[in-house]
Amino acid sequence: MFNQGHMKMKTIVSVYLAVVLAGLSFIGCQRREEASAKSPTVALVVKTVNHPYFIDMQQGAEAAAKRLGIHLIVQGAEREVDVEKQMQIVENLIQKKVDAICLAPSGSRELVPVVVKANRANIPVIILDTRIDSAALREAGGKVGTFIGSDNFEGGKVAGTYILEKLKGNGNVAILEGIPGHETGDARRKGFHSVVDQAPGIKIVASQTANWERDQGFNVFQNMLQSHPDVQALFACNDLMALGAIEAVAAAGKTGKILVVGFDAVKDGRDAIRQGTMAASVAQHPDEMGKLGVENACRIICGEPVPDYVPVKIELITKQNVE
Amino acid sequence: MTPKNFLVQHGRQLGTLCGLFGLVVIFWILTPHFLTVSNLLNIAQQTSINAIIAVGMTFVIITAGIDLSVGSIVAFSGVVMGSALQSGTPLLLAILLGLGVGLLCGLVNGVLISWGRLPPFISTLGMMSVARGAALLYTGGRPVSGFSSSFRWLSTGEVAHIPSPVVIMVVIYGIAHFVLRRTKLGRYTYAMGGNEEAAILSGVSVKVYKAGVYGLCGMFSGLAAIILTARLNSAQPIAGMMYELDAIAATVIGGTSLMGGEGTVLGTLIGALIMGVLRNGLNILGVSSFVQQIVIGSVIVVAVLADMALKRQRK
């Protein structure tokens, strides 16, 4: 009996030591960083760290931080839709007492409570990419340093205008939507509708979600082509779905015959535009947002005034300007 | 009880507890911002939602089942309750509605498993999709947001400086521990998972109790939905995605066996706290989110490996 307990203790202790050692080796390198962090620390909290769009944003921010001598921490949820995880990250960074937080909120109303928490801790918050709902923020008594971004609704309008022009006001159009209930996609789709719905010759023959994913973009658009072989143009609410869709177009032997317009102008999207398989993509310049975010955070930390809104240009990337 | 017997009975939980303390010590050494009262309360609060879902998951897994639908039930209960609140339903009634929707979804799972003879994996996989779709349909895909401060107290309030979700979590764990250890339902839960045939032969109405366990699991998801909605001041139809995996992870880190028949809710609480501490500490250290996923995955595997090693020695 005693022997058994003894053996067990040994196992417990060895597992315990293994975990401690693994933990230390994993994070040990962070300690030096922490200790030498005399320069101001700015946190960039993105929606998710594994989307090309936010990787561009991160790179823009990193370049600016290096230039300004700022210690930058980049964090984001594993999934873009996981608002609560993003909230946790912001709360944890408040505990860390960072000097400023640049936040690309996953929900325009849902993140209001943590903005208020940051306000209480006297940590300035700069909003990137997606606006915080101003009414909800006012009601909660919160404030943000500045908003830096372009508008998804505007971007949808840009795409709509382009397709309208190319089809000369007549034709069948399909839409690939983002995850249902996700604001970014909703805004893009609504912006697109706001333009094409005005044109009597344009018919939206299909509008379905492909959940932001490349593989689903392929499947869903393939199904659409089955039921609507006469589709002339497709608006995909992000490039990944558009990239999936152009494969479906190729599989149907219709490359070049269907106008595919994406959103975000990620690297693969630009390549496809260069090759002519994709017609255009709306570019929002996330790298610029990241850079301006860090620069404005720096200004706020130094006590300099910043404007309420820093616009970032939206442009349509086509074969003409892809380089 | 002699100390020796105590060690034999609670060895597994003590092991997990040592793991938790190990993590706390590591983070305490690495950063001054970790071991503060406000951060510990912060961790407890962040853990509460996963911990409450994991209570139900623990019951289900002890019966040798699984529930993949908890995240979707969180979303569906949340939006039904949120819409009710916005159309002026009294607070208490709306809360009961949220719990009721969770209970109902869980019972549907249970009935399909008990009487439809579906494997729990399939039944709850179906519910995962159905409840998510129902949540989206119910709201037209839009979040329902903006609630009264009395409702939001459930997340933002404090009882003696302890955040209310933490108080709710502690109460729930107290009750669940009692139910599992001291009541018929608890004993039958272990019996169904340990040896279902034997349970049936000894006259336990396994079908009824099993359906009840899934109903309970759904109801805990409903409770988590209430806290989540209060926390975000918004009920989102896309909320709770992948929460099932976090709840399963907390449960198995806490020593509940996926083969059924053994496990404790206190172990699950420690498991949930380990996940909360890891996420919090790694955030504070500014560790890249990619590395965080590797660390969390490794901890799950190490915990279960240790569990298996312990069990081999006990035999």
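The following dialogue works through how to read the features of a predicted model.

Q: Which conventions and confidence values should I have in mind at the start?
A: Residues are numbered from 1 along each chain as its sequence is written, while chains are lettered from A and ligands numbered from 1 in the order in which they are written. In this predicted model local features need pLDDT of at least 70, side-chain atom pairs count only at pLDDT 80 or more, and totals for chains, interfaces and linings use all residues. The pLDDT is the predictor's confidence in each residue, from 0 to 100, and where it is low, the predicted coordinates should not be read in detail. Chain B averages a pLDDT of 91, with 96% of the residues at 70 or above, and the predictor gives the complex an ipTM of 0.84 and a pTM of 0.83.

Q: Into which domains is chain A divided?
A: Domain bounds come from an automatic or database domain assignment. Here, domain 1 of chain A covers 38–149 + 286–312 and domain 2 covers 152–283, and their centres, taken over C-alpha atoms, are separated by 30 Å. Six residues from domain 1 of chain A and seven residues from domain 2 of chain A take part in the contact, where two residues are in contact if their C-beta atoms, placed from the backbone, lie within 7 Å.

Q: Where does the largest nonpolar core lie?
A: A nonpolar core is a set of buried Ala, Val, Leu, Ile, Met, Phe, Trp, Tyr and Cys residues joined through C-beta atoms within 7 Å; a residue is buried if 20 or more other C-beta atoms lie within 10 Å of its own, exposed if 12 or fewer, and partly exposed in between. The largest such core has 199 residues, and those with the most contacts inside it include Val42(A) and Ile101(A). Both domains of chain A give residues to this core, so it lies between them. Leaving aside neighbours within four places in sequence, the contacts of Ile101(A) include Ala43(A), Val45(A) and Val90(A).

Q: How should I read strand E2 of chain A, and why is it largely enclosed?
A: Helices (H or I, at least four residues) and strands (E, at least two) are DSSP runs, numbered from the N terminus, and two strands pair if DSSP finds at least two bridges between them. Six of the seven residues of strand E2 (residues 71–77) of chain A are buried, so this strand is largely enclosed by the rest of the structure. Strand E1 (residues 41–48) of chain A pairs with E2(A) in the parallel sense over seven bridges, and Val46(A) stands opposite Gly76(A) in E2(A).
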